[in-house]
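Please open the model in your viewer and switch to a cartoon view, with side chains ready to show. We will walk from one selection to the next.

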Amino acid sequence: MINVSAKARKIKEEDLEMIMNWRMSPEVTKYMTTDPKLTLDGQKKWLRKINENRDEFYYVLEVDDTPVGIVSFVEWDKNADIIHTGVYIAVKEKRSIKLTADLQMSLYDFAFETLKVNKVAFEILGNNPMVIKFNERLGAKREGILRQAIKKGNEYYDLYLLSVLKEEWPYVKEKTKYDKIVFPLCVDEV
């Protein structure tokens, strides 16, 4: 298996144009629930907002010291102990099964071991069946399907709801070998 040198770091202002271009690229947005029209000024406001929010975490994913994508932990419901996650790897040449497995398992590790949540939840558009199946092989359970919940252009897409519970994490962790990607909690740790 290919060795992947991956790490996560906090988003910096100099990343914003790159992130904006990624997020508006058709290769990325075809698997996202929205097709945003972003501006650099809007991105700067977004960065200020996320830096002030202690309940959401956004990271640039780097492979071999090259920025390749974004990882987010959002919508943290501290009463129910549920956090939602999002991932995209924008640089197609850096995508691999190894990186995706390392990333997804490290995401669970951070959520359960560091944030101490009870549930990690995420959504995947129905036009991405390989990613749905891959996540299920890594231990995610399908909770449901919101039929034709997303409209993009003139097309409707199903939205698959998946999750992993804290009680399932030890089994999931034991059955899958992965190289841990560390998610720093604050800017000082980067």
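Which residue in strand 3 is the bridge partner of V63? Select V63, then look across to strand 3: the partner is T66. Bear in mind as you go that this is a predicted model.

**Stop 1: the hairpin of strands 2 and 3**

Keep V63 on display and colour residues 57-63, strand 2, and residues 66-77, strand 3. These two strands run antiparallel and are joined by seven bridges. Another pair to click on is L61, whose bridge partner in strand 3 is G69. Now move to the turn: two residues lie between the strands of this hairpin, and D64 there has a positive phi of about 50°.

**Stop 2: on to strand 4**

Add residues 82-89, which are strand 4. Strand 3 pairs with strand 4 too, again in the antiparallel sense, through seven bridges. Show F73 and you will find T85 of strand 4 standing opposite. This hairpin has four residues between its strands, and one residue to pick out is D81, with a positive phi near 60°.

**Stop 3: the whole sheet**

Now select every strand. In general, strands of a sheet pair through backbone hydrogen bonds, either parallel or antiparallel. Here you have an open sheet of seven strands in the order 1-2-3-4-5-7-6, and its pairing is mixed. Which strands sit at the edges? They are strand 1 (6-10) and strand 6 (141-152), each of which pairs on one side only. Turn the view to follow the twist, which averages 30° from one strand to the next.

**Stop 4: the hairpin of strands 6 and 7**

Stay with strand 6 and add strand 7, residues 155-165. The two strands pair in the antiparallel sense over eight bridges. Click on K151, and its bridge partner in strand 7 is Y156. Two residues separate the strands in this hairpin, where G153 takes a positive phi near 65°.

Next, show helix 5, residues 129-137. Helix 5 lies across strand 5 (119-125), strand 6 and strand 7, running at about 160° to strand 5.

**Stop 5: helix 1 and helix 3**

Select residues 16-24 for helix 1 and residues 40-52 for helix 3. Their axes are 10 Å apart and the helices pack at an angle of about 110°, which means that helix 1 is roughly perpendicular to helix 3. Show the side chains where they meet: L16, E17, I19 and M20 come from helix 1, while L40, Q43, K44, W46 and L47 come from helix 3. By class, the residues of this contact are six nonpolar, one polar and two charged.

Keep helix 1 on screen and bring back the strands. Helix 1 lies across strand 2, strand 3 and strand 4, and runs at about 80° to strand 3.

**Stop 6: the largest pocket**

Finish with a surface view. The largest pocket holds about 1,800 Å³ of space. To find its centre, select Y31, M32, G86, V87 and Y88, the closest to it of the 50 lining residues. Elements that give two or more residues to the lining include helix 2 (26-29), helix 4 (97-114) and strand 5.

Which element gives the most to this lining? Go back to helix 5, which gives seven residues. Colour the lining by class and you will see 25 nonpolar, 14 polar and eleven charged residues.

Notes
Residues numbered from 1 in each chain as written. Predicted model: local features only at pLDDT ≥ 70, side-chain atom pairs only at ≥ 80, totals over all residues. Heavy atoms only, no water. Axes fitted to C-alpha atoms, helices over the stretch in contact; angles between N-to-C directions. Parallel < 35°, antiparallel > 145°, perpendicular 65-115°, else oblique. Contact = heavy atoms within 4.5 Å. Nonpolar A, V, L, I, M, F, W, Y, C, P; charged D, E, K, R; others polar. Pairing = 2+ DSSP bridges. 1 Å grid on protein atoms, 1.4 Å probe; cavity = no way out; pocket = protein on both sides within 12 Å on 5 of 7 lines; lining within 4 Å. Points joined across faces, edges and corners; volume = space filled by probe spheres on them.
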